[in-house]
Amino acid sequence: MTKAAIESAAAPTTEPLDLDWVRAQVPSLSQLVNGYPTAFLDGPGGTQVPQRVITAISDYLRTNNANTCGAYATSRHTDQVIAGARAAMADFLGCEADEVIFGPNMTSLTFALSRSIGRELGPGDEVVVTHLDHDANISPWRALEERGVKIQFADIHEEDCTLNMDDLASKINSRTKIVAAGYASNAVGTINDVKTIVRLAHEAGAIAYIDAVHYAPHGPIDVRELDCDFLACSTYKFFGPHMGVLFGKREHLVRLQPYKVRANTNAVPQRWEWGTLNHECIAGITACVEYLAELGRTHVAPDALARGGRVRAPAPTRREMLQDAYTAIRAHERRLMQQVLRGLREIPGLRLYGISDSSRLDSRCPTFAVRIDGHTPLELATKLGQQGIFTWDGNYYAINLTERLGVEKDGGFLRIGLVHYNTEQEVERVLDALRRF
Ligand SMILES: Cc1ncc(COP(=O)(O)O)c(C=O)c1O
């Protein structure tokens, strides 16, 4: 597609969500690179942020910048900012505010938690992880091998990169203390049956630790419905700042012992937060949840809600608005997934790793891992990048999966990762560029 054709392409009018409003919220989407409009198809690596997130971060630094629990105005405001973000994330996750822990990222939070849980584990205990997971949900558990804990790996179905639930079930037994699994794969887009995973863990008396980093921008999370013990996500993957968030059931946060400095409080959840937090980014977290809530309240087509089985509540709570936002996000992403799958099928020499069947879209996110004969993923990503199309190449830290599929030594995959601000025109651009390789 030529630059002129890209610029003149008309926006679709029958969107489940108001895409013009969505894109107007996010200033970075209108940038040009090498004279081309940027197509951010790199959402799984981190998403673009609405202006209100940028404003909240800079407003905090301008007017409230202080440490917590001091006896003066800016410190008290900082306490309120953090409490507000906990409440926002509680609405986002479906839990209580004192079950929300903030940290620098999911990886650090998972290492910190594995250390704490590991204090009670030793030889004879087992942890189950999966080959589908990002290494941030594998290495923190493998670190427990130094205490004599045995790590069991649940396998995948190679043909569609779904988790082999029979294999997972066979690895869980009375010695299993933790089952660590992803909600969705950041490499191939598979959505796991997390509720069943949690049930299998609980039947064996084990803790279920869910990595929802990749799922969070694509679908609503309800930790009570899942009944998981812990669930981690990263706000920079769902339109917020670079931070990690961990939900933990209160009973665990009270009973388990974190490694902590003596002066830190023993109150839950603060005793699970180490050192001074990134207050300005925490201010941005509330703004990103508010963005999604506003999207759900006013920028969703009523028929998209009806098709998603939802009726708009007369005075919706923030959580209901978030659920409505995700109903529309899922509907929009489904359309994009169908378009991508149709287009990829027609590209000679292209292999898609993951679910390719358009009737199984409930089991995948719009995250596509591909290889094209005769080209390395790096070469593909570089050439796309020169045309303003931002994709990713390599293993994206899902290294067990790239090794398991035998592509690690050949550069992994090219990943096309869509989120709700992406358009049909952007999908057509990347398909068109791939056809030309
Ligand atoms: C599925 C998944 N889990 C965990 C992580 C690690 O998250 P963080 O960067 O917040 O440590 C990522 C990051 O890409 C991811 O995609």
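**Entry 1: the sheet**

I began with the open sheet, which has seven strands in the order β4-β12-β11-β10-β9-β5-β6 and mixed pairing. I note here that I am reading a predicted model. At the edges I found β4 (100-103) and β6 (150-154), each of which pairs on one side only. I also looked up the turn between neighbouring strands of this sheet, and on average it is 20°, direction ignored.

**Entry 2: one edge in detail**

Next I followed the sheet to its β6 end. How many bridges join β5 to β6? I noted five, with β5 covering residues 126-130 and the two strands running parallel. For a single example I picked Glu 126, whose bridge partner in β6 is Lys 150.

**Entry 3: aromatic pairs**

I then turned to the rings, where the count comes to twelve aromatic pairs. One of them is Trp 141 with Tyr 209, an edge-to-face pair with 5.1 Å centre to centre and 70° between the planes. Where do the two partners lie? I placed Trp 141 in helix α6 (residues 139-142) and Tyr 209 in strand β10 (residues 207-211), so this pair ties together parts that are 68 residues apart in sequence. Strand β10 is familiar from my first entry, as it stands between β11 and β9 in the sheet order.

Are these two rings' residues buried or exposed? I looked up Trp 141 and got 0% relative accessibility, which counts as buried. Tyr 209 is buried too, with a relative accessible area of 0%.

My next pair was Trp 272 and Trp 274, again listed as edge-to-face, with 6.3 Å centre to centre and 85° between the planes. I checked exposure here as well. Trp 272 is buried at a relative accessible area of 0%, whereas Trp 274 is partly exposed at 34%. The reason for the two labels is the cut-off: buried means under 20% relative accessible area, and partly exposed lies between that and 50%.

I also wrote down one aromatic cluster, formed by Trp 21, Phe 239, Tyr 291 and Tyr 421.

**Entry 4: charges over rings**

Last, I looked for arginines over aromatic faces. Which ring does the charged end of Arg 119 sit over? I found the ring of Tyr 259, with the charged end 3.8 Å from its centre. I noted a second case in Arg 415, which lies over the face of Tyr 396 at 4.0 Å from the ring centre.

Terms used: Residues are numbered from 1 along each chain as its sequence is written. This is a predicted model: local features need pLDDT of at least 70, side-chain atom pairs count only at pLDDT 80 or more; totals for chains, interfaces and linings use all residues. Side-chain values use heavy atoms; hydrogens and water are left out. Two strands pair if DSSP finds at least two bridges between them. Helices (H or I, at least four residues) and strands (E, at least two) are DSSP runs, numbered from the N terminus. Axes are lines fitted to C-alpha atoms, for helices over the stretch in contact, and angles run from 0 to 180 degrees between N-to-C directions. Rings of Phe, Tyr and Trp (its six-membered ring) pair if their centres lie within 6.5 Å; planes under 30 degrees apart count as stacked, over 60 as edge-to-face and the rest as tilted. Buried means under 20% relative accessible area, exposed over 50%, partly exposed in between (1.4 Å probe, protein chains only). A charge sits over a ring if NZ of Lys or CZ of Arg is within 6 Å of the ring centre and within 35 degrees of the ring normal.
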